[in-house]
Each structure stands twice: as C-alpha cells, then as structure tokens.
Amino acid sequence: MSSRDTRVELLQGTLDLIILRALETMGPQHAYGLASRLDQVSEHPLLLNQGTLYPALVRLEQKGWIKGEWGRTESNREAKFYAITRSGTRALADQTEKWRRLSGLVDKLLLNEG
Amino acid sequence: MLRRFAHRVRALLFTDRAERELDREMAAHLALLEDEYRRRGLSDEAARREARLALGGVEQTKERQRDARSFPWLEDLRRDIPYAVRGLRRTLGFTLAAILTLGLGIGATTAILSVVNTVLLRPLPYPASDRLVQITQVVPPPEPGKPPPPRVITYAQFAEWRSRTATMEMVAATRWDPQVMAPTPRGMARLSGGLVTPEWFAMLGTPAMLGRTLVPADVDEGRSVVVLSARAWRQYFGSDPAALGKTMTLSSRISTLMSGQLAEIVGVMPDGFEDPAGYFEFWIPLAIRDPVATRDLKTPPANAAGVQVFGRLLPGIAAAAAVEEATTIFSAIRRSANGPDAEVPRRMLVTPVKTEVVKPVRPALQVILWAVALVLMIVCANVACLLLARGSSRQRELAVRLAIGGSRSRIVRQLFTESALLALAGGLLGAGVGAAGVALIRTLATVEGQGVFRLVFGGNLLPRAGEIAVDPQLLVLAGAIAAGASLAFGVVPALQASRADVRLAMTVRTGRAAHETRLRSVLVVGQLAIATTLLVGAGLLIGSFLRLADVDKGYEPEGVLAFQLVLPEEEGTARKAATIEDILARLRATPGVEAVGFSNAGALIGIVDRAGYFVPPGRSAEEMRQLPNPPQVRSISGGYLAAMGIPVLAGRAFTAADDAAAPTVAILNRTLADQYFPDSSPIGATLVWYGGAKPGMPPTMVQIIGVIENVRHGSVQQEPTPEVIFDYRQLLLLRERAGVPKRSQELLGFGFMSIAVRTTGDPARLMPAAHAAVAAANASAGIDAMAPLTDLLSSSIARPRFYAALVGLFAAIAGLLAAIGVYGVLAYTVVQRTQEIGVRIALGAGRADVIRLVVRHGAWLTLAGLALGLAGAAGLSRWLEGLLFGVTPLDPETYGMVAVGFALVALAAAYLPARRAAAVEPVAALRVE
C-alpha cells in the first residue's frame, strides 16, 4: 500500500495523450517500448503496470488514431508496432490544446486559492 | 464514437481472432521484458517472474484489454452462460421443475389473456367502433289484467327517431329473419338474413369482397338488390363471380317483408365478416319509404314487427345524453301514435355494440381471468420457493468463492445469468404452450354447424373466435412477470450471501427462522387446496361430458348420413311427397345403402310438434285434455326406424302398405306406451285423437301397431318425451281432414324434411350420391346441412366439451404446479435439515426412516390441502349444477378419484426430495457445520 504514495496517478484520458505524444516524437513503437519510454520520462519506475497500456492501445486503435502492425525488433523478436495516424496527429494537437487550457486553469485556481 | 462502437461490435463478433492477436502481442511483450531482465543479470526463472510482475499479471491485462476492446458485460455473459448451463444441468430436477412451472404459467396466462384481450378488450373491427351503440328499450313488467307491453321498436318509430336525433352521427336499423327460402343454382336454399338500412354497411366499414355493399341510393331509387355472405356464395353459387348481376327470389316463411322479392345480387362480403346484428347470410335494403314501413305506422305497435336499432354517437357525445334524448323522443312518438302504451314511461338504453356482442361470455371470461391471475401467483410463489431452496443450498459455495477473492458483482451476475436462463427457457416453453393453448381454445370454441344447425347450435362458443391469436405483447408481459419473479428470487439469496460477513457465511447454519418454513407450507397447502377444488370441478365436468358422449340416445348414429331437403314452397303437397318418395327410392337403390328414411325433424333439430290430445282406452276425453303436456306427434316414413337404428320393442314398423288409403295406424315410444298402457300390451289397442282445427270436429281412431325404444331426438341432454309416431302419408291426410291450413299440414307432415341414410361404409362417401339423387328427383330441390350424424352429435356437445376441456386444462396445470410446490418445499426442507438428517443416520436411523420422515411432512401438507380443497369443492360445485349431466355436484366417485389420484401425485413429488435426504452421507453432512 505504501508504494502507492510515490506514484503519480494518471488522470483519466491523459494516458491516451501521452501515448500519442510518444508515438509522434519517437515514431512507431511496440507496447514494451512505449512502457519503457514512459518509465524513463516519468522517472518513476512504478508509474504503472505495463499491462495498463493495453486498454489504451485498443481504444486508440479503435478510434483510428493509431495503427498497429506486426514487425521485428532490433533483437529480432516479433512485436506489434503502433504508429500514429494522420487523424491521430490532428487529435493530438486538439487534445494538447485542451489539456493546456485545462492545466492552466487548474494552476491558476490552485495558486489563487492557495 | 460510432466508429468505435462498430469496432467493439466487430471485436465481439470475431472474439477468437482478437483473442489470438492479444495472446501473440502479450507473448511478444513478455519476451521483450524477459530479455531486458536477463540483460540485467537475472536468471531465466527470475526474469520470467519479474516480467509478469512488471506487466501486472497476464490474465488481468488480458481482461482489461477485453473490457476496452468490446462490451465487457457481454463478454462476461458469454463465459457465464456455459457455466450457468452446467450449474443448471447439475440440478436437473430443480431446473426442470422451474422451467415447467414458468412455461405452464406463462403459457396459460398468455393464452387466456390473448382470448380475453381479443374478445373483451380489443375494439371491434369497425371504424370508430367505440362509438357504435345499440338502442333498446327497458320493457316494464306487464300490469295485471292488461296485455303485455310491446317489446319491439317498430320501423316507424325508428324512422321518426332518426329524423329527430341530434346525438348520432349515423343510424341504422336491421331486421333478421331465420328462415328465408331462395332458389339458387344449387337448388332451394334456406337462408338466415334480412333487411338492413344501407347506413349499416357504412357504419361497419367493411368493404365487399366482390362487387359492392348496400348504398343509400339503393333505397332512394328503390332498387331491389341483395348482398351475400361468403358462405352462401360458396355453397349456393359455387364461388362463381358471375353470380353478380343474377337475380334471386327471397321468400320468408314468417315475415311479409320478404314475400317473393326478386333481388339482384350486387355483392359478396368477405369471409370472416361477422354482422354484430345477427347471423346474416344475405342483406337486402330496408327502405324508409317502403310500403311496409308505411304500413308499420298504421299497425298498433303491439303487433308490428320490430327492428334492431343501431347508431354511431357523434364524437364527444356521452352515452347518457343519447339515453336522455332517446327516452324523450320515443316517449313523444308513443304519445303521438296514441297506442295502448302511450302513457307508459319507457326508458331507452344505449349500449355499446361491443358490450352486446360479448355479453354472453363476459362473466365466464372474467372468472377465467381471475383464475389465471391465481395461477400466475402460484407460479411466482413456486419459482420463488424453488430458487430460494437452491439459493440457500449454495450459500456455502458462494461464501467460498467470496473468500478466495471472487468479486461480489461478478457472483451476483453469475446467479443473475442462471435465473435469466431459467426465465428464458420458461418463456420459450410458455410461448409454445400459449400458442397451443390459443389454438386449442379456438378449435374448441368453433362449432361447425351449417344451415338449420347454425341456428340450433348457436354458432361459435366465443364471439370473435376467428380473431383470436397469440398476442406477442401479452406473451412479453406474462414472461416479464414470471422472469421478474425468478430474477428477484434467484438473486436475492446471492445478495444476502455476498453482503454477509464471509466467515459468518461459511459457518452459517442453513437453518432459518421457522416462520419462513411455515409460510411456505401455508403457500403449498393453499396451492393444493385450489388445485383440488379445480380438479373436482374438472372431474365433474369431464364426467358429465363423457356421460353425454356415451349416453344411450336410442338410435345408432354410426354409419348414418343426415340431411334436410329444401323444396320450393309453391309446389303442392302431392308433388313434394312424390319428390321425397323418389329420393328415398333412388337412395335405397344406391350401393352400400342399408336403409333410408324420412322424418319431419331429424335428430338434434330439437323441434317439438304437438297437435291436439290422445285418449287411450279406459280414460275420459276430459281427463286427457287437461293433462299439461300432450304427447309429441312425429311424422316418419317407413324406413326411418331402420335407417336410424331405432329398435322396435313390440309390434311392427310402418310398411309401404300403410299409405293414405289404409286404416290409420300409429307407433308409440316406450314412455308413452308405459304411460297409457301400464298393465297391458298396447298392440292392437285404439287411441282416439282429438286433433281438429276447431272444437267439435270428430276425432280420429288410431290403431297402435308397434312400440319403439325411447329416442333422444331433440338433443343428447334432453330426456325423451312421450311420442305418437305416424306414417307421414297418413298424417298429411289426417291433418287435411282435421281442417288445419295447408301450411300447418305441411309443417307437421313434412317439417324440416330430414332424411337419414344408413350405409355399411363411411357415410361421408355417400354425399355425392345423395346430391345426385336429390338433383335427379327434383331439379329445384335444395339440400341443407348434409353431414354424417356422428359429426352433428359431436358439434351438439361442443359447449360441454369446451367447459370440460378448459376447466380440465386449468385443473391439470394447477395440479402440476401444486405438485411442483410440494417438491419445492420439501426439497428446501431437506437442504435445511441436512445436518439433522445426518445426525439421525449417524445415530442409526435407516434410509427408510429418513424417507418416511420427509414423506410424512409431504403427506401432512397434502392431507391439509386435500381436505380444504374438497370442502371448497363441496361448497362451490353447486354452481356447476346447470352444466352437469348424469352426475350430482357431490358425486362421491369424482371426489374420491380426485383425492386418491392427487394424493398419489403429491406423494410422488414428496418422494424425490425424500430419496435425496436418504442419500445424505452422515460424515459429509456433519462436516457442513
């Protein structure tokens, strides 16, 4: 239970945003690659179980924002590589803008109230 | 959003592919993770463990992905269903009992509700039928010493009301006549039908199947036209479309309104069209300026022929306003007519046509409706009992599942699935039972009676029988009620279990408060009592029906073909007699025919003809004249007794020699012979017949030549009445000499001209020959209601059969449900007492003792239910008295049979759980603690 204190709880929907952003900047990635990347960026190794990615990937794929294709890793393992689609890129811009506005608002509110 | 939905649906449809894909991806992921951990120096084993941890559990991950991929509850359902099916199959007895209960309950409810809905609730199939009303009058009781007040509304009164009413959108009058003769291409026809104002068709709104209906112009221009029913068109015109434009002559026997009227056929109504005003096979216009109508005005209303009056209320007009207005108008009309009842206040009634149509069956259907509500309640109680029993026997299993980490919602969902499956299976069975029930009720309520028998048997037992069909909405309703009950009672125990503290639930003794058991016992006793009462009622009705079907009628119906001859009225008596003799001779010469005969009223027509009175030797004329019911006079031909298989007990039958020129002879039936000649043989004795048209005419001497067995001629139910039987040739002559009018001579001598043909084979195969014989003897002769006598007999007891079958079905369902109820309660008790039973067995009780223990409980319930039910039956069955035949309402045999039979069934139901109890393993039972 105590380990939970060090985690950053992801807000609903932010994981989608993060995945899209990662795919945009890094190019096609498999689930393990994405998970490693998130661990790396967040500096919290226990940010999430890597399995948590799967519902998000299915959701994004069903929305048509990313597309999965089977390929080979550098270590010659087979893996499903996800790439951001054009509508995914548009959605990312859109969502990022929304997120910025929201976080700006929350920041402002927190500062004022504090 | 839509796109995602489509993807989810696809994922649901192609689950296998998605699953394989997911497996592959997951395996790849794990491989990569393991590579990473190995690179960090872990052993293969440790790397695999760490990889799984990092992923967060393979199964959990898959589950999460599945939830996102598709509709999680549906996916669960997919896995729950096979599990539930397995569970239900493990307890097959319980499952079958529950499905049977639900199916019978839903089916019976749906069938009866469908019938009630069609007959009582659904609007009649006419436009604005809720505003369609019939106007009648309340006839006050006659004042002493005055003639009874006229009952009818005359045509003139109707015409006057029509011109004054301001509450009706449309009005119509009809007048029905049961016997109208008309020559047709298929010989003379005897039709029911009559006159209607053309507005009647506009009000009913049913278009003709062929040609047109009556229109106001028919009246305005004085056209003489006729519209036929589909049946009349089929039977008398061979469904020939060229019948349109042909003319037919209609002559009524009893009414002057149709005296040889020549009418052009302008239309044929469709099959299934039922005129709410009566049984019409033809319609002709009733004209407001008809000379008859004018004559009606001058006739004192007491003697005037009446019409039935209908109207369609203007929208928004209350029936009360129409009543008020009709009362005012009709009172004014009577005052101005200055008739004998001018000052008698007379209230008018305005009744919805539907009320009139369903009036004969409404009380019965309402009773049945309550019975059905009762049955549905029993069903819900039964299902509740069964599911609670099952639920409490599974509480431990549920507790264990909770303890090892099963989610509560998941377990509830699991039980929900089981209940839903039960409800679904029950619903499917119920749909089948309902459809079969509706079909059965329709068949039972449909009475095949054509021609004269349409009037004698009175048509279908339920109005609108043709419209009755399973109503899917009602099926859904009945299903929903039963499903609601099963879901509620299937899930409630689960909820209880899941809410309870796990440790408590695991150790909880399944024994519950005693009052719950008592409540269940009361429920079961109530069920048994209701079922017993119903079974006794059904037993009485079925017994009556069987006795009716088997009653000694005095004749042998098998092998007899019966039909009525219809001859043109205007042909003379001699010509008619010659036609009959010719037909009898032709039929006698037909291969396979054993005997042929003729009577004025064949079996089941139910006409009683009386003419004067008879004086046997040694009695005074004065004494015999004052007897209330003189013997019936029957007219037959020589071969009739042989054709009908009526035994001659003494003397002889008529022969060809007993013709008009021979001495007058007669045959008595047994009842009359016993009555007139209690101590001696009547053969050779002489009766004096006072049958003249006027008092003072000389009587006729009649010599008795034979005695025959009593015959239930009129109907199967009717006790035979005393009869004097004449040869029709002699009778015609006697009536002529007695000075009665020609018409009356023929009515007694010829009557319905019923012919009976006895064959060695199937009487139906003789029909073409009979048609040919009639056509050859007289081209203008017609045939009415030709059918094997056994078919007629079957139709004549359709009503008691309907009651017996309907009540019998209900009783059977109630009995079965009550037996299931006994089973449910005892099964529950056995589960509750498992430990006690285990202890008993451990302490040395034998299996037989245990069985006795449980069966005794069942026997007490059964005894209590039977006692209550039999008492209830004894109290209620006198209401059935009018429907019974040959059994009393307290028939000990019926009561005994129901008691013994039902007790056996109930005990068999008790035996199943008892056997389970006996199979309890003491060690296992004690470990339950």
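**Briefing: a helix, a set of strands and a chain contact**

Helix α29(B) is mostly covered, with 28 of its 35 residues buried. The structure is a predicted model. The points below take up this helix, the pairing of strand β3(B), and the contact of chain A with chain B.

**Helix α29 of chain B**
- α29(B) takes in residues 798–832 of chain B.
- From its first C-alpha to its last the helix reaches 50 Å, close to the 51 Å expected at 1.5 Å a residue.
- An α-helix has 3.6 residues a turn, so residues three or four places apart point the same way.

**Strand β3 of chain B and its partners**
- β3(B), residues 168–184, pairs with β4(B), residues 187–196, in the antiparallel sense over 9 bridges.
- These two strands, β3(B) and β4(B), form a hairpin with 2 residues between them, and B:T184 stands opposite B:G187 in β4(B).
- β3(B) also runs antiparallel to β10(B), residues 306–313, and 6 bridges join the two.
- Within that pairing, B:V309 of β10(B) is the bridge partner of B:A173.
- A further antiparallel partner is β7(B), residues 247–252, joined to β3(B) by 2 bridges; here B:S252 of β7(B) is the bridge partner of B:V180.

**Contact between chains A and B**
- In chain A, 19 residues are in contact with 22 residues of chain B.
- On the side of chain A that touches chain B, the elements giving two or more residues are α2 (31–42), α3 (53–63) and β3 (78–84) of chain A.
- α3(A) gives the most to this side, with 6 residues.
- By class, this side of chain A has 8 polar, 6 nonpolar and 5 charged residues.

Note on methods. Residues numbered from 1 in each chain as written. Chains lettered and ligands numbered in written order. Predicted model: local features only at pLDDT ≥ 70, side-chain atom pairs only at ≥ 80, totals over all residues. Helix = DSSP H or I, 4+ residues; strand = E, 2+ residues; numbered from the N terminus. Expected span 1.5 Å × (residues − 1). Buried ≥ 20, exposed ≤ 12 C-beta atoms within 10 Å, placed from the backbone. Contact = placed C-beta atoms within 7 Å. Nonpolar A, V, L, I, M, F, W, Y, C, P; charged D, E, K, R; others polar. Pairing = 2+ DSSP bridges.
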